[in-house]
Amino acid sequence: MEIQDIIVSHDNTRNHLDGVTTAIQKGKVTTIIGPNGCGKSTLLSVMSRNNMPKSGHVSLENKDLVHYKSKEFAKKLAIVYQQNDVPKDLTIEKLVSFGRLPHNTMLKRNLEEDAKAIDWALACTNLLEKRNNDLEALSGGERQRVWIAMALAQQSEILCLDEPTTYLDIYYQLELLELVKTLNEEHDLTIIMVLHDINQAIRYSDHIILMNAGHIVAEGVPRDVITKEVIKEVYGVEAIFNEDEQLGLYMVPLGI
Amino acid sequence: MTKKLVSFTIVIVLLLVTVVYAATTGSIKMGFFEFIGALFDKGNSQMEAIRDLRFPRIIVALFAGAALSVSGVLLQSVMRNPLADAGVIGISSGAAFVQLFIISFFPALFFMTPVLAFMGGAMACALVFALSWKSGLSPLKLILVGIAINAMFTGLTEAFISLGGSLNTSASSVIGSNLTMRTWKDVSTIVTYGSVGLVAALTLYSWCNLLVLQDKTAKSLGFNVARARLLIAAVAVLLSAISVVVAGVISFVGLLVPHIARRLVGYDHKVLIPFTALAGALLILVADTIGRTIVAPLEIPASTIMAIIGGPFLIFLLRKE
């Protein structure tokens with residue numbers, strides 16, 4: 001996916017994205033990080049076509065996003081948002097089946113393929129046994145997995161995740177990131193996600209895009225992007241970096 | 001599963017019982033077996049009177065109830081708001097006003113009454129939507145805007161009738177709903193348009209189900225949210241407009257019936273819409289039958305009975321919000 005000179009303004013007073021150019025590599029885990037309000041979620045929403053840029057182009061497989069039909073695009077890219085209302089009286093399986101929408105029309109559906117895709121999505125997210133449970137009865141971590149399962153049922157090549165770990169406790173955060181890793185490694189999904197936690201970003205990403213004030217400050221493999229100097233400059237935080245065999249590179253913030 | 005089945009069975013049985021009771025009760029009385037026998041007896045003069053006076057009234061009540069309730073379900077789904085009801089938020093009174101206004105000036109357009117009512121309802125619906133959109137269609141805001149719109153159109157209608165005086169002889173039937181003196185012509189109007197609306201509503205069930213998702217999530221599935229909203233709202237307006245044309249403004253049905261229906265058969269619109277149609281038909285027929293028998297020979301309009309039950313029910317729902 002190619003992103004070229006994107007300018008986005010929500011209110012016409014300032015540019016929330018100010019000339020962003022980058023590319024997303026196929027089959028990799030790309031993580032967008034940066035301080036609050038830096039435009040990372042906006043960038044994700046431009047890539048997922050939820051936000052139309054004022055100028056600039058995003059293209060996928062050499063085709064501009066604006067030229068995709070909505071269902072056609074939904075077969076290429078799925079997105080899970082940070083917070084979702086939980087509908088009442090809906091089973092996990094029913095919600096996940098909504099993910100099949102782009103593959104069906106009102107008159108034509110392939111039930112066999114639908115069932116296969118739904119089973120696969122439920123298996124990936126470890127929800128097979130709970131498929132008939134009501135959404136309302138689930139924990140926060142399980143709910144997040146259900147939304148991911150719905151996105152998986154779309155069977156797209158790209159999966160976007162907007163701050164998937166924000167409202168979860170540490171156990172479910174790790175569980176979710178391991179799931180993302182599995183999806184990338186075993187099922188070849190291209191992952192684009194927005195994360196807050198720098199250490200998680202270092203550990204789970206192939207490629208990091210660091211943003212500040214609507215610009216990309218640095219991007220590349222984690223150890224090139226995340227350095228003492230950059231963290232000081234972007235977040236205004238003093239941090240020490242360490243590396244050990246078990247953990248790899250990690251950061252400990254010292255103070256402001 | 002069994003709860004759904006039991007609910008459907010009970011409503012259908014009650015519906016049949018009420019239809020027979022409504023047909024055999026009033027100034028002309030008949031026993032059940034006498035009634036069944038008379039149904040197939042062309043010469044029975046009592047049956048002729050029932051056929052001409054009560055059958056149209058019963059059919060109109062059934063269809064108006066079904067149409068208004070289903071319109072409530074659809075509006076609630078489109079606005080993602082459990083308090084939406086065509087009567088409460090002014091769609092019915094908008095339909096009533098526009099229809100009355102245009103017919104008064106262009107009586108020749110009388111045959112287009114359903115279309116005019118639809119336009120009026122659509123106008124009111126668009127107004128409510130536009131004015132409460134900014135608040136994210138929050139239930140309370142929507143109700144406030146809707147009540148204001150409703151008051152405006154009701155006021156306009158009343159003012160218009162006062163000014164017009166003798167010009168509008170048929171006007172009073174528009175604001176107060178009374179199901180007396182319905183004819184087979186009314187039946188054919190409501191059955192034709194009502195069936196179109198109800199069938200359309202049934203085919204839109206999967207869209208209604210998808211609208212429980214947030215807009216951005218639904219969009220990310222390639223679902224055209226705007227188009228779905230527009231179409232479902234149009235069907236809802238059609239259903240409420242057609243019942244205004246034939247049965248007048250009846251509020252609260254679209255609020256009460258779907259709410260109870262969800263408790264009984266759940267939130268899946270595939271089941272909810274047909275159940276709501278049946279339960280709504282039952283409710284209005286019961287209201288109308290009580291209204292015309294309780295203080296006979298005087299009559300209490302079905303809309304009045306619905307207002308008496310519906311008002312407290314709305315307060316109950318608002319407290320729960």
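**Entry 1: contacts along chain A**

I began with contacts in chain A between residues at least 6 apart in sequence, and found that 64% of them join residues at least 24 apart. A note to self before going on: this is a predicted model.

**Entry 2: overall build of chain A**

Next I looked up the secondary structure and counted nine helices and twelve strands in chain A. The radius of gyration came out at 19 Å, close to the 18 Å that the globule rule gives for 256 residues, so chain A is as compact as a globular protein of that length. I also took the spans of the C-alpha trace along its principal axes, which are about 55 × 40 × 30 Å. Buried residues account for 38% of the 256 residues in chain A.

**Entry 3: the six-stranded sheet**

I then traced an open sheet of six strands in chain A. Its order reads β6-β7-β8-β3-β9-β10, and the pairing is mixed. At the edges I found β6 (77–80) and β10 (215–220) of chain A, each pairing on one side only. Ignoring direction, I get an average turn of 15° between neighbouring strands of this sheet.

I picked one pair in it for a closer look. Strand β7 (residues 158–162) and strand β8 (residues 190–194) of chain A run parallel and are joined by five bridges. Which residue of β8(A) stands opposite I158(A)? I looked, and T190(A) does.

Two helices were on my list for this sheet. Helix α5 (residues 140–153) of chain A packs on the sheet and touches β6 and β7 of chain A. The direction of α5 makes about 170° with that of β6(A). Helix α6 (residues 170–187) of chain A lies across β3 (29–33), β7 and β8 of chain A. Against β8(A), I noted an angle of about 155° for α6.

**Entry 4: the four-stranded sheet**

Chain A also has an open sheet of four strands, in the order β2-β1-β4-β5, with antiparallel pairing. Here the edge strands are β2 (17–23) and β5 (63–64) of chain A, each with pairing on one side only. Strand β1 (residues 2–8) of chain A runs antiparallel to β2(A), and five bridges join them. As a sample position I took I3(A), whose bridge partner in β2(A) is T22(A).

**Entry 5: a covered helix**

How many residues of helix α1 (residues 40–47) of chain A are buried? I went through them and got eight of eight, so I wrote the helix down as mostly covered. The buried residues of α1(A) include K40(A), S41(A) and T42(A), as well as L43(A), L44(A) and M47(A). After α1(A) comes R49(A), where I found a positive phi, near 65°.

**Entry 6: two domains in chain A**

I checked the domain split too: chain A is divided into domain 1 (2–225) and domain 2 (229–256). Taken over C-alpha atoms, the centres of the two domains of chain A are separated by 27 Å. Across the boundary, 13 residues of domain 1 of chain A are in contact with seven residues of domain 2 of chain A.

On the domain 1 side, the elements giving two or more residues are α7 (198–204), β9 (207–212), β10 and α8 (222–225) of chain A. Which of them gives the most? It is α7(A), with four residues. By class, I sorted the domain 1 side into eight nonpolar, three polar and two charged residues.

**Entry 7: where chain B meets chain A**

Turning to the interface, I found 14 residues of chain B in contact with 20 residues of chain A. The largest share of the chain B side, four residues, comes from helix α10 (residues 215–220) of chain B. By class, the chain B side has six nonpolar, six polar and two charged residues.

**Entry 8: Y193(B)**

My last stop was a single residue, Y193(B), in helix α8 (residues 184–203) of chain B. Buried or exposed? Y193(B) has 23 C-beta neighbours inside 10 Å, so I logged it as buried; the cut-off for that is 20 or more.

Leaving out residues up to four places away in sequence, I found that Y193(B) touches P114(B), L238(B) and I242(B). For one more distance I took V295(B), 102 residues from Y193(B) along the chain: their C-alpha atoms are separated by 33 Å.

How values were computed:
Residues numbered from 1 in each chain as written. Chains lettered and ligands numbered in written order. Predicted model: local features only at pLDDT ≥ 70, side-chain atom pairs only at ≥ 80, totals over all residues. Pairing = 2+ DSSP bridges. Axes fitted to C-alpha atoms, helices over the stretch in contact; angles between N-to-C directions. Contact = placed C-beta atoms within 7 Å. Nonpolar A, V, L, I, M, F, W, Y, C, P; charged D, E, K, R; others polar. Buried ≥ 20, exposed ≤ 12 C-beta atoms within 10 Å, placed from the backbone. Domains from an automatic or database assignment. Rg over C-alpha atoms; globule rule 2.2 N^0.38 Å.
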